[in-house]
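Dear colleague,

As agreed, I am handing over the structure for you to look at, and below it I have set out what was found. Please keep it open beside this email as you read.

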Amino acid sequence: MKYDTAVKVIEKEAEFLGRSFEWVMIECDEQPGIFPQSTLNAYEVIREELDPDPGAFSDREAFR
């Protein structure tokens, strides 16, 4: 999945839930079981784009 497509998936999920993009990103990290697989795949693409070193991505402030 491309980055642009991933952003659109997260935006549509946020719109569907009546929440913000940032909220969906935070909740994908904290509670992945509440989202469909397509949203989680999009989250992974965006996360890798923002920080290609997954071990270092523990700062949730990037989405707040």
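The notes that follow go from the whole chain to its helices and then to a few side chains.

Please bear in mind from the start that this is a predicted model. The chain contains three helices and zero strands, so that the pattern along the sequence reads α-α-α. Of its 64 residues, 33% count as buried, and the accessible surface of the chain comes to about 4,300 Å², with 48% of that belonging to carbon and sulfur atoms. If one takes the contacts between residues at least 6 apart in sequence, 47% of them join residues that are at least 24 apart.

Helix 2, which spans residues 21-30, is a good place to begin. Its buried residues are Val24, Met25, Ile26, Glu27 and Cys28, and what covers the buried residues of this helix includes helix 1 (3-17) and helix 3.

Helix 2 also takes part in an aromatic pair, and the structure holds one such pair. The partners are tryptophan 23 and phenylalanine 35, whose ring centres are 6.4 Å apart and whose planes meet at 65°; because planes over 60 degrees apart count as edge-to-face, the pair is placed in that class. Tryptophan 23 belongs to helix 2, whereas phenylalanine 35 lies in the loop between helix 2 and helix 3, and the pair therefore ties together parts that are 12 residues apart in sequence.

Are the two partners buried or partly exposed? Tryptophan 23 has a relative accessible area of 25% and is partly exposed, while phenylalanine 35, with a relative accessible area of 7%, is buried because that value falls under 20%. Tryptophan 23 has a further neighbour in arginine 19, whose charged end sits over the tryptophan ring, 4.5 Å from its centre.

A second arginine deserves a look in helix 3, which covers residues 37-50 and includes arginine 47. Why does arginine 47 count as buried? Its relative accessibility is 17%, and the cut-off for buried is under 20%, so this residue falls on the buried side. The side chain of arginine 47 also makes a polar contact with the side chain of glutamate 44, at 3.2 Å.

When you open the model, you might start with the ring of tryptophan 23, since phenylalanine 35 pairs with it edge-to-face and the charged end of arginine 19 sits over it.

With best wishes

Terms used: Residues numbered from 1 in each chain as written. Predicted model: local features only at pLDDT ≥ 70, side-chain atom pairs only at ≥ 80, totals over all residues. Heavy atoms only, no water. Helix = DSSP H or I, 4+ residues; strand = E, 2+ residues; numbered from the N terminus. Buried < 20%, exposed > 50% of the residue type's maximum accessible area, 1.4 Å probe, protein only. Contact = heavy atoms within 4.5 Å. Areas by Shrake-Rupley, 256 points an atom, 1.4 Å probe, with all protein chains shown as cover. Polar contact = N/O pair within 3.5 Å; in protein donor to acceptor, adjacent residues only side chain to side chain. Phe/Tyr/Trp six-rings, centres within 6.5 Å; stacked < 30°, edge-to-face > 60°. Lys NZ or Arg CZ within 6 Å of the ring centre and 35° of its normal.
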